[in-house]
Amino acid sequence: MKRYILMRVLKALLTIWAVYTLVFFLTRVTGDPIEWLTIAGASDSAKETLRENLGLDLPLWQQYFKSLIGLFTGDTGTSYYYARPVSELFAERIGPTVALGSIVMLVTVLIGIPLGVLAAVRHNTLLDRATMSTAVIGSTMPNFVLGILLIFIFSLKLRLLPSGNTGTPLHYILPVIAMSVGPTASVARLTRSSLLDVIGQDFLDCARAKGMREWKVVLKHGLRNALIPVITILGAQLSAMIGGSVVVETVFAWPGIGTLIVSSAQQRDFPVVVFGVLVIAASVTFVNLLVDLSYGLLDPRIRNS
Amino acid sequence: MEKILEVNHLNKHYPVKKGLILQKEIGQVRAVNEVSFDLFRGETLGIIGESGCGKSTLIRMLIGLEKPTSGQIRFLGQPIENGMSASLRKQMQMVFQDPYSSLDPRMSVQRILEEPLRIHCKMSKQQKEQVILPLLGQVGLPREALKKYPHEFSGGQRQRIGIARALVLEPTLLLCDEPVSALDVSIQAQILNLFRDLQRQHELTLLFVSHDMSVIRYISDRVMVMYLGQIMEIATKKELFERPLHPYTQALMRAVPVPDPERRDQCAVLEGEIPSPIHAPKGCPFSTRCPYASEICRQQRPQMHRTGEGHLTACHRYSGEVEG
Amino acid sequence: MRCKYGLKTEQTNRTQPEEKQAASAPILSVEGLKTYYYSNGTAAPAVDGVSFELHAGEIVGIVGESGCGKSTVVRTLMGLLDPISSRREAGTARLGDIDLFSLRPKELCRVRGKRIAMIFQNPLSALDPVYTVGNQIMEMLLLHEKMTRQQARERAIELLREVNIPSPELRVDQYPHELSGGMQQRVMIAIALACNPEILIADEPTTALDVTVQAQILDLLRQLRDRLGIAVILITHNMGVVAALCDRMLVMYGGVVVEEGSCKEVFSHPAHPYTKGLLAAIPSVAQDKERLYTIPGQVPVLRLPVRMCRFSSRCGCSMPRCEQEEPPLTERAEGHWCRCWQESGKEVPADGENS
């Protein structure tokens, strides 16, 4: 098992490196950052000095290795625009993003799974059908569209909730709704179908025949067996959310990593963009690793093989 | 008598691997181990054995779904262990165990029955019907069945469809892998009788795999008993059932519950379980459970000994007899 | 005294043969049980008036082909019916002084497992793959007995030993998929026996097993009955299994019992044409049969209300009356009942010349 984890970590590092390389070169194609950083009509010599200062005069491969080596020594580079270490910028911005993400994940799990269980236990009833049709709508609605819609209704029309930025708990409401509706719906739908598969199995009847109460049968024997596909989708949703937060944060003007990456991309602030993508890629691979490892915890058949 | 099928020293070994990237072979599962037998035209050879005895792997190698590790298979005189020509392929058809999953639920019975013809012969619509309609009657299905889909039939009727599909190409050899084990007793009797009738009408040679001793006794001319990938005993039905020699065959027969409460006490229990094929015994595969096992049984794999007219037994107890 | 061909219907109170009545009152008596399946608004009578009694230490076999209702009988008794597609329409089941069907869910949970335990056809799917076998035995003990986890674990090991599982101290921590099919079924039996139930319901307990393992499990069930005096209801389609294990048997067809009696009696003098046909249709391991008898056709789809003999469409000796009126169960010999208008049905030929 330790060997397995080690191998998985190695593979994950390889993936992250590949993403890093790809993004490093792709960003360079977007154009010259100097144009952004200087005012119109700046002298050529001033531009050249700036270029030298930022290390952009070096050949591309040198820039690449310099930044890669920098990463290993803990130097994440300096933002062209803010002229501050990239790590510092991220340290300031990571708080709101993690806070938002954790709340969304919590909401997804705490609402999605119980809703799915309820729909499965009462399947083919009105409750089931209502939940599932809502879920279909929820999972098909892109979160940024929902976000704009929410802002329009609750901020602009009803003037009940703030439309953006952070500060009070009230600020969380709209972005959390926008981001968690989709994952919650998917998790609820999957929990339901996965649990329905399990509910048809003999070992639930066996547990009932032991004299176990129905709710305990469903929770102890049903849910644990149904959870494996749910964990998979949770992982996928979390990955998608990490990536998707870039867009949603922009919609809500959320002072997190997402907005930082978007604005930096517009300003051709390469070190920030590259590091941002690196952080996202690392989180996604980490989540996937966690998902794979949790299978073994949930199902002894996987653990042994 | 003409030999339809000759199997010589057939082996199928699966490697057991360990490790993630550089997988090391740590052992072998001998799913089929040194199996040799002949099959003659017009006869029914029954293969009996419990789970893990290798009967299914054997069938899969014969039909070409699995490549043998070593050994020869000759079908109608031609070697087929490395695949067979389309014309030869037509001569060997298969009836599956599960009449529910072996028929495509989206195909009408007509399409199911016509499909082999489409693949192997160029035929007009009328010609196809001329082949299919009489066959439908022979397996006891009404003409209206053609337009229906598999889910509209009961298990027994579906197995009839499966048998008709196997017969469309007029094969010489029919491989039957547990064709009645999913069926109820009264339906099983219908299908077993159907096999007998069809065998006579079409001059079929049958290889009939079953785990049920009484089914094997009813349908077979000769019987082969398998255990952990090896043949334990092979004999004519009469010999095998009246004079079973291998201790495993004897145990198998005593284990079958007989529908007669007066004979309850004759049911004897064989202790232990079939060993895992990964840790198969070194000598005789049955030595771990055999009441007569001695040192040689645990050390050395017994050869097939000739123990009567057309009767071979792989047991050291008969080593005095001529080798077969 | 009772006349030999006395009428026996679901409504009349049934009396057992005198010697049995003297020996013991039944521990379970089922009366007029009806369970229907519903689909697309039509009702199918899966069980349509089944009555039987079970005495302490007795093994009763319910035998029949798929769709005859044998499993539905026991699933109804255990309260394991799917509430959406099926419903118990009528009937009582008295376990001692309580009626199983009038229990509230909480009370039923105290009976299930504790007084009536059940084992299933496929042990691998009846055991939860994600818990150890020890955990699953302990679960039963902790539900019904006042025990600590440690005590329950020791009892679980003891139970594994009782069902002849070698090295139970190691097996207790294994998962179901690590055991062979025979071992899994032994674990199921250990779970069922955990709280010393009065009744064990075994639903096709050996169907998924190899024949030598089946013999071991049948032997184990027989030992348990002899040692613990547990009463067993055995559901099977295999006449050989019934003959090997049961004292009494019920033959079911189309949702009703068509024949009932001691195993010895039914096997030596089968009265109902269906029973006779079934016995003649089984190939024999002990002798060669020239040709198997076949029961023509297949199980009919029944519509309510049934006003004919359910077997009449496949019966070789069907009379006009069979298609107008359902025959009652009548007593043919001491304790041997048969549901047929023929007073002594025609003999079925041993080698089936019918087809």
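From the N terminus on, the elements of chain A run α-α-α-α-α-α-α-α-α-α-α-α-α, in a model that is predicted. Chain A thus holds 13 helices and zero strands. Along its principal axes, the C-alpha trace of chain A spans about 85 × 55 × 30 Å. Of the 305 residues in chain A, buried residues make up 33%. Among the contacts in chain A with a separation of 6 or more, 72% are between residues 24 or more positions apart.

Chain B is divided into two parts. Domain 1 covers residues 3-18 + 25-91 + 171-318, and domain 2 covers residues 102-170. The centres of domain 1 of chain B and domain 2 of chain B, taken over C-alpha atoms, are separated by 30 Å. The contact takes 14 residues from domain 1 of chain B and twelve residues from domain 2 of chain B. On the side of domain 1 of chain B that touches domain 2 of chain B, helix α6 (residues 185-202) of chain B provides the largest share, with seven residues. By class, that side of domain 1 of chain B has ten nonpolar, three polar and one charged residues.

Strand β3 (residues 44-48) of chain B was examined next. Five of the five residues of β3(B) are buried, so the strand is largely enclosed by the rest of the structure. In a regular strand the side chains alternate between the two faces of the sheet. In β3(B), both faces are covered: T44(B), G46(B) and I48(B) lie on one side, L45(B) and I47(B) lie on the other, and all are buried. Strands of a sheet pair through backbone hydrogen bonds, in either a parallel or an antiparallel sense. With strand β8 (residues 205-210) of chain B, β3(B) pairs in the parallel sense over five bridges. Within β8(B), L206(B) stands opposite T44(B). β3(B) also runs parallel to strand β9 (residues 222-227) of chain B, to which four bridges join it. The bridge partner of L45(B) in β9(B) is R222(B), and that of I48(B) in β9(B) is V225(B).

Strand β9(B) is likewise enclosed. Six of the six residues of β9(B) are buried, so the rest of the structure largely encloses this strand. R222(B), M224(B) and M226(B) point one way from β9(B), whereas V223(B), V225(B) and Y227(B) point the other way, and all are buried. Besides its parallel bridges to β3(B), β9(B) is joined by six bridges to strand β10 (residues 230-236) of chain B, and these two strands run antiparallel. M226(B) has I231(B) as its bridge partner in β10(B). β9(B) and β10(B) form a hairpin with two residues between them. In the turn, L228(B) has a positive phi of about 50 degrees.

In chain C, an open sheet of four strands has the order β3-β2-β5-β6, with antiparallel pairing. The strands β3 (42-54) and β6 (98-99) of chain C stand at the edges, each with a single partner strand, so one side of each is left without a neighbour in the sheet. Strand β5 (residues 86-95) of chain C is joined to β6(C) by two bridges, and the two run antiparallel. In β6(C), I98(C) is the bridge partner of L95(C). Helix α2 (residues 70-78) of chain C lies across β2 (28-39), β3 and β5 of chain C and runs at about 75 degrees to β3(C).

A second helix of chain C, α8 (residues 181-193), has 13 residues. From its first C-alpha to its last, α8(C) reaches 18 Å, close to the 18 Å expected at 1.5 Å a residue. 13 of the 13 residues of α8(C) are buried, so this helix is largely enclosed by the rest of the structure.

The contact between chain B and chain C takes 33 residues from chain B and 39 residues from chain C. On the side of chain B that touches chain C, α6, α7 (213-219) and α9 (247-255) of chain B each supply at least two residues. α6(B) gives the most to this side, with seven residues. Helix α6(B) also gives seven residues to the side of domain 1 of chain B that touches domain 2 of chain B. By class, the side of chain B that touches chain C has 19 nonpolar, eight polar and six charged residues.

How values were computed
Residues numbered from 1 in each chain as written. Chains lettered and ligands numbered in written order. Predicted model: local features only at pLDDT ≥ 70, side-chain atom pairs only at ≥ 80, totals over all residues. Domains from an automatic or database assignment. Contact = placed C-beta atoms within 7 Å. Nonpolar A, V, L, I, M, F, W, Y, C, P; charged D, E, K, R; others polar. Buried ≥ 20, exposed ≤ 12 C-beta atoms within 10 Å, placed from the backbone. Pairing = 2+ DSSP bridges. Expected span 1.5 Å × (residues − 1). Axes fitted to C-alpha atoms, helices over the stretch in contact; angles between N-to-C directions.
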